Amino acid sequence: MSGLRIDHVGKTFGMFEALTDIDLDFPSGRFICLLGPSGCGKTTLLRVIAGLETPTTGRILLDGADITGMPAHRRGLGVVFQSLALFPHLSVGENIAYSLRIRGADLATRRRKAEELLALVHLPGVADRPISQLSGGQRQRVAIARALALDPRLFLLDEPLSALDAKLREAMQVELKLLQQRLGISTIVVTHDQREALTMADIVVVMDHARVQQVGPPLEIYRNPVNAFVADFIGTSNLLPGVADGQGLSIDGIQVAGARPHGLARGSKAAISIRPEEVVVHPAGEQGPNRLPAEVTFVRDLGASVEIMLACAGRELLAVTSPRERPDVRVGDRVVLELPPAACVVLPS
Amino acid sequence: MSRLLRNLFMGLVVLFMALPLLVVAGVSLNGGQQLRFPPRDPSPRWYAELFTAEDWLNALANSLIIATSSAALALAVAFPLAWFVWRYRTGYGRLLYGLGIAPFTLPPVITALGFLVFWTVAGWHGSILATIVSHAIFFVTLPLVTISLGLAAIDRQVIEVAITMGADEPTVFRTVVLPLVRPYLISGYAFAFVLSLNEYIVAYMVAGFTVETLPIKIFNSLRYGYTPVMAVVAVVFVLLAALIFGLIARFGDLPRLLGAWSKE
Amino acid sequence: MTDRRPRGLPARLPVLWPAAMLLLFFVVPFGIMLAVSFFHQVEGGFYEPGFELANYARFLDPFFGRALLFSLWISVLAAVIVIAVAFPFTYCLTRLRRSAQVPFLVFVLAVLSLSEVIIGFAWSTLLSRTAGLSNLVAWASLIPRAQAWTPSFGALLMGLCYLGFPYTVLILYPPLSRLDPEIPEASRTLGASPLRTFFLVIVPVLRGPLLGALIMVFVFNLGAYLLPQVLGRPQHWTLSVHITDQAVFQSNLPFAAAMAIFLMLFSLAFIGLTMVLGGRQEAAR
């Protein structure tokens, strides 16, 4: 069986529970993002896979073989750390060829491999430079090249782009994804940046409080979050609390239908999650199903989009439209909001 | 403080600190046996005396032998301990570290007396080996502190990345830890060397009557007859210390070694 | 490699050698010294094993009391003077560029490493009749003729300050160089003069390290064993000198050991105090 299996893994540090019953199965060759806020356990999970931490319970299987007890230096994985962790006493080429050197490869082989890898990450001709002469983006590439030197079975990256400025980070996200596709290497990236995860991942694992909250393709998670945390963490989401009623919710006595049956008991507390770009703003008095009255509290014109903040059912709510479809509203206007049933996800609260 | 005031203040303090050294440097140039300032009949003859007169040469040799070997021994004791305390979290490791810091924090007479009774009981009192071992223990603090600073400066992720690339513990030590702490090993040795060269009370109590070092010889001359050679030794020691610390500053980060944050 | 506890003997092997060295050559000597402090002194510079408190009973002598009080007095005095000079000096030093700090640090280290013997000799020369400052003063006709200013209390105090100064600078260097430069700048922008900033902001902010340094220098001064002999008169001998004297010249090892144990406990109590103060500082952050 090929791929990585994380079999009911738990990890505690003293009293602190860092991972609770993580059970995941990744087919090989995929790009996986572990996504969550800081302290959610995603880095610990990556370190357990790398062998830098021993799980308290459970097993790790790589291509069917149990590697739970295998020391990190025998696993043959490529790891890129948040600090990049380049060896300050070695040149760029020596950094990249480190794993070959400790395996006794001769100088010529090491040089050739270093040049090859530098070409792969679009950074040729810097093998003899000291690390201190490289820019942030260049160091990033060197760290990636170094981790790939041994053609690892798994490529692990812990917040690899967090030290870069926003523009460079976006460019590197695309480049990293292209590199992964070219090499077809199984890759796991830890990140707290949902945009990064949506850009790069085939599979996103959303984590919070030491647990996996949801696993799936990025769009699936974006459109159908399973709980309020995921809805809020991935993108921006409006959450409107109410009481379960039929196929939807009753909010302040008004029926709002959801996309799918939610299976919640009638009368139990629930909430509707809807993305800001799905909310439609109509003038006051407009009639129809799935409509709620609201008041405009702020309008922010961002050029490419218009954000309208609203007070609805005692909650802050956000609607986003394009400038072309912008309704003619001002602060203080009373309006009617249409929440299309197809865009409403009912979540237990 | 305004710039002028600050420079004036710092200049005055440095002058005060340099004053005795300047006078001693002047005294060392006296042509005759007397210690006069300003010097009479200036001549460098006493500098030659240090390196030719048998008794001074003997003291110089003793001092150098003791300083080079005790600093090496101090380093050999400090390095594994510093590494162990950095690598593992254990109560006894921390306790031993505290023990290694103690000799330098307590009044030196206490440690010196401890060595005196110990070597008397052990039967090695008066041997140069006893002085070497005593100095190594007395000054173990210096390499211990500098090496620990060097180890603390290593990014733990650098170690971990080496492991994930296939390095086992000895390989990590050889290819990552050792090259990164090497400058701190050298400065630890240099500190211990310079201080051993200047040390008096321990050397005196352990083997003062048989193994005469330069500081002991100066003190004896202080009691039994001044000679400008004393001033010569003082000048040579100041210059040697300035040279060694200057080299450390040239090839290492002296402010960081003395406790400033590393440059960011 | 990532676990922080040593497993098995091979992992602990590296620590065995330093442990053995420190135990054999540092702890054992102290044990023997402690034992000797209870031994019986016999005539002619010998002692025999025993257990008596006679050596400690001598602490009640006026002789010991005088030596102790004088040691404390001059050590405190020198510590206060040194801190008063070294603190502003180190502050100024740390405000310089790093590269400009280096020559000062090299100088301070060179003086720090100087043997107490050499410092004693240098000061006795500087204060002597034939080569000293008094020549200069006499030449300026402020006094009729050159005179010797040593041995004296003033000479000893001066020597102790000189000895303690580089040590103090190095103790104060870390906290002062880590002081956020924005703290004095904020005070300046609020209209305080540099001098007011120093006394109203820098000194209170660094109260803890300052007190710690004061105690460390005090203990350091207690350890001066040679300057009192070179720059002072016999009534200026400190405890450290008496310990040397009893051990080497009076051949009374048990009494020397008892005094050394006393001095050690005394010093440890003060060093412990600085650690408690330092720990509280850390906890307050």
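Here are some worked exercises on chain B and its two interfaces in this predicted model.

**Exercise 1. The build of chain B**

Task: Find how many helices and strands chain B has, and describe the pattern they follow along the sequence.

Solution:
- Start by counting elements: chain B has 13 helices and zero strands.
- Next, walk along the sequence, and you should read α-α-α-α-α-α-α-α-α-α-α-α-α.
- Then look at the extent: along the principal axes, the C-alpha atoms of chain B occupy a box of roughly 70 × 60 × 30 Å.

**Exercise 2. Burial, contacts and surface**

Task: Work out what percentage of chain B is buried, and what share of its contacts joins residues at least 24 apart.

Solution:
- Take burial to mean under 20% relative accessible area. By that cut-off, 60% of the 264 residues in chain B are buried.
- For the contacts, keep those between residues at least 6 apart in sequence; of these, 70% join residues at least 24 apart.
- Now turn to the surface: chain B exposes about 10,300 Å², with 68% supplied by carbon and sulfur atoms.
- Finish with the charges. Chain B carries 16 positive and 12 negative ones, and their mean positions lie 7 Å apart.

**Exercise 3. Chain B against chain A**

Task: Describe the interface of chain A and chain B, and say which residues of chain A lose the most area there.

Solution:
- Count the partners: 21 residues of chain A touch 17 residues of chain B.
- Add the area: about 1,700 Å² is buried between the two chains, and carbon and sulfur atoms give 66% of that.
- Pick out the main contributors on the chain A side. His73(A), His89(A) and Tyr98(A) lose the most area to chain B, together 30% of what that side buries.
- Check for salt bridges: the rule finds one across this interface of chain A and chain B. Arg47(A) and Glu160(B) meet through their side chains in a salt bridge, at 2.6 Å from N to O.

**Exercise 4. Chain B against chain C**

Task: Repeat the analysis for chain B and chain C, asking how many residues are in contact and how much area is buried.

Solution:
- Begin with contacts: 96 residues of chain B meet 92 residues of chain C.
- A common way to give the size of an interface is the accessible area lost when the parts come together. Between chain B and chain C, that buried area is about 8,500 Å², with 81% from carbon and sulfur atoms.
- Last, look for salt bridges: one is found across the interface of chain B and chain C. Asp253(B) pairs with Arg98(C) in a salt bridge whose closest N and O atoms are 3.5 Å apart.

How values were computed:
Residues numbered from 1 in each chain as written. Chains lettered and ligands numbered in written order. Predicted model: local features only at pLDDT ≥ 70, side-chain atom pairs only at ≥ 80, totals over all residues. Heavy atoms only, no water. Helix = DSSP H or I, 4+ residues; strand = E, 2+ residues; numbered from the N terminus. Buried < 20%, exposed > 50% of the residue type's maximum accessible area, 1.4 Å probe, protein only. Contact = heavy atoms within 4.5 Å. Areas by Shrake-Rupley, 256 points an atom, 1.4 Å probe, with all protein chains shown as cover. Lys, Arg positive; Asp, Glu negative; His and termini not counted. Charge placed at Lys NZ, Arg CZ, Asp CG, Glu CD. Buried area = accessible area lost by both parts, 1.4 Å probe. Salt bridge = Lys/Arg side-chain N within 4 Å of Asp/Glu carboxyl O.
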